[in-house]
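Biologist: Got a minute to go through this one with me? Pull it up and let's chat.

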Amino acid sequence: MAETELSVLSRQCLNRRIADKTLLETEVSAWQADRNKNNAKADWHFSTGDARIKLKHLYPAIYTKLRNE
């Protein structure tokens, strides 16, 4: 979830040069306030169980443990 939010921040707010730290903080705060105001949510396309099956090659220990239960 954090990686997704950082990606959105990067694309929507930080896709240009920002002159100094103060301006950066102001821009990020404004972006954050807008995201919060609009109740931005993640749109997951599959369930946790489906994700475990689809991504089992990335998490073999978890998949093996779940299969044995």
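Biologist: Where in the protein is confidence lowest, and where is it highest?
Modeller: Keep in mind that this is a predicted model. Confidence bottoms out in helix 4 (residues 60-68), with a mean pLDDT of 57, and peaks in helix 2, at 94.

Biologist: How should I treat the parts where pLDDT is low?
Modeller: Where pLDDT is low, don't read the predicted coordinates in detail.

Biologist: OK, and what's the mean pLDDT of the protein?
Modeller: The mean is 83, and 84% of the residues reach 70 or more.

Biologist: Back to helix 2, then. How many residues does it have, and how far does it reach?
Modeller: Helix 2 runs over residues 21-37, so 17 residues by the DSSP run. From first C-alpha to last it reaches 24 Å, close to the 24 Å expected at 1.5 Å a residue.

Biologist: What caps its N-terminal end?
Modeller: Aspartate 20 does: one of its side-chain oxygens sits 3.3 Å from the backbone nitrogen of threonine 22.

Biologist: And what follows helix 2?
Modeller: Asparagine 39, in the loop between helix 2 and helix 3 (48-54). Its phi is near 50°, a positive value in a residue other than glycine.

Biologist: Is asparagine 39 buried or exposed?
Modeller: Exposed, because its relative accessible area is 54% and the cut-off for exposed is over 50%.

Biologist: Switching residues: what about alanine 30, buried or exposed?
Modeller: In between. Alanine 30, which is in helix 2, counts as partly exposed because its relative accessible area is 48%.

Biologist: How far is alanine 30 from cysteine 13?
Modeller: The two are 17 residues apart in sequence and 9.3 Å apart in space, C-alpha to C-alpha.

How values were computed: Residues are numbered from 1 along each chain as its sequence is written. This is a predicted model: local features need pLDDT of at least 70, side-chain atom pairs count only at pLDDT 80 or more; totals for chains, interfaces and linings use all residues. Side-chain values use heavy atoms; hydrogens and water are left out. Helices (H or I, at least four residues) and strands (E, at least two) are DSSP runs, numbered from the N terminus. The expected span of a helix is 1.5 Å times one less than its number of residues. A polar contact is a pair of N or O atoms within 3.5 Å; within protein, one must be able to donate a hydrogen and the other to accept it, and residues adjacent in sequence count only if both atoms are side-chain atoms. pLDDT is the predictor's confidence in each residue, from 0 to 100. Buried means under 20% relative accessible area, exposed over 50%, partly exposed in between (1.4 Å probe, protein chains only).
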